[in-house]
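Got your viewer open? Let's take a walk through this model, one selection at a time.

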Amino acid sequence: MSAGDLFFLVVRWLHLVSAAAWIGGSLFYFLVFGPALRRAAEPSRFLTASMATEFRAVVNTCIVVLVATGAILAFDRLTVGVVGAPYAVTLGVKAVLSVWMFLLVREERRRSDIPGPFRRPPTPASTKLGKLGRSLWGYNTLLIIGIVVFFLSDLLKVLFENALS
């Protein structure tokens, strides 16, 4: 194994671990922590704020690592000269969805950083469609997009391996 192979192995591993940490943490919050908070008689504001602060640091690190390693991996794959249009289009869709995720994080944080007295309370959804729409917005949207981006990563691997053979 050459030094270049080892470098790209580490870059791919960092990319995968960062994506798994972000999406895995989001799944944990959505499936475990959120429901536990809703069932708690009096949720601890300290615990909730501490978890949010810690997860924010994880997400910030993941974003930096994903952008840096993603750029390296994209450049490497696109310069090999064997990938075709399906690979390039899939990579483009993945990049656009990733940027959308980063912008959603920024928007959700901006909205949640508004001090309590100035924050508008959410209007309750009155219909089932409204409740579904509300549950599919914000951080839940990030989770859905993240899962799609994860799938696109696997698709890119398959497309690249097919192009090599």
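**Stop 1: aromatic pairs**

Counting ring pairs whose centres lie within 6.5 Å, you get four aromatic pairs in this predicted model. Start by selecting Phe7 and Phe8. Their rings sit 5.2 Å apart, centre to centre, with 75° between the planes, which makes the pair edge-to-face, because an angle over 60 degrees counts that way. Phe7 has 43% relative accessibility, so Phe7 is partly exposed.

Next, select Tyr29 and Phe33. How far apart are the ring centres of Tyr29 and Phe33? The answer is 5.5 Å, and the planes are at 50°, so this pair is tilted. Both residues belong to helix H1, where they are four residues apart, or about one helical turn. It helps to know that an α-helix has 3.6 residues a turn, so residues three or four places apart point the same way.

Is Phe33 buried or exposed? Phe33 is buried, with 8% relative accessibility, because the cut-off for buried is under 20%. Tyr29, on the other hand, is partly exposed at 44%.

**Stop 2: along helix H1**

Now select the whole of H1, residues 3–39. Look at Tyr29 again: a kink of about 40° is centred there. What about the span of the helix? With 37 residues at 1.5 Å each, H1 should span 54 Å, and its end C-alpha atoms are 52 Å apart, so the two values agree.

Try colouring the buried residues of H1, which include Val11, His15, Trp22, Ile23, Phe33 and Leu37. Keep His15 in mind for the last stop.

**Stop 3: across to helix H2**

From Phe33, hop over to Met51, which is in helix H2. Met51 and Phe33 are 18 residues apart in sequence, and their C-alpha atoms are 9.6 Å apart in space. Met51 has a relative accessible area of 32%, so Met51 is partly exposed.

**Stop 4: the second largest pocket**

Finish by selecting His15, Leu73, Lys94, Ser153 and Leu156. These residues lie nearest the centre of the second largest pocket, which is lined by 31 residues. The helices giving two or more residues to that lining are H1, H2, H3 and H5. Which helix gives the most to the lining? That's H5, with nine residues.

The pocket has a volume of about 890 Å³. Colour its lining by class and you should find 20 nonpolar, five polar and six charged residues.

Terms used:
Residues are numbered from 1 along each chain as its sequence is written. This is a predicted model: local features need pLDDT of at least 70, side-chain atom pairs count only at pLDDT 80 or more; totals for chains, interfaces and linings use all residues. Side-chain values use heavy atoms; hydrogens and water are left out. On a 1 Å grid over the protein atoms alone, a cavity is a set of points where a 1.4 Å probe fits but cannot get out, and a pocket is an open set with protein on both sides within 12 Å along at least five of seven lines; lining residues have an atom within 4 Å of a point. Grid points are joined across faces, edges and corners, and a volume is the space filled by probe spheres set on the points. Ala, Val, Leu, Ile, Met, Phe, Trp, Tyr, Cys and Pro count as nonpolar, Asp, Glu, Lys and Arg as charged, and the others, Gly among them, as polar. The expected span of a helix is 1.5 Å times one less than its number of residues. The bend at a residue is the angle between axes fitted to the seven residues ending there and the seven starting there. Buried means under 20% relative accessible area, exposed over 50%, partly exposed in between (1.4 Å probe, protein chains only). Rings of Phe, Tyr and Trp (its six-membered ring) pair if their centres lie within 6.5 Å; planes under 30 degrees apart count as stacked, over 60 as edge-to-face and the rest as tilted.
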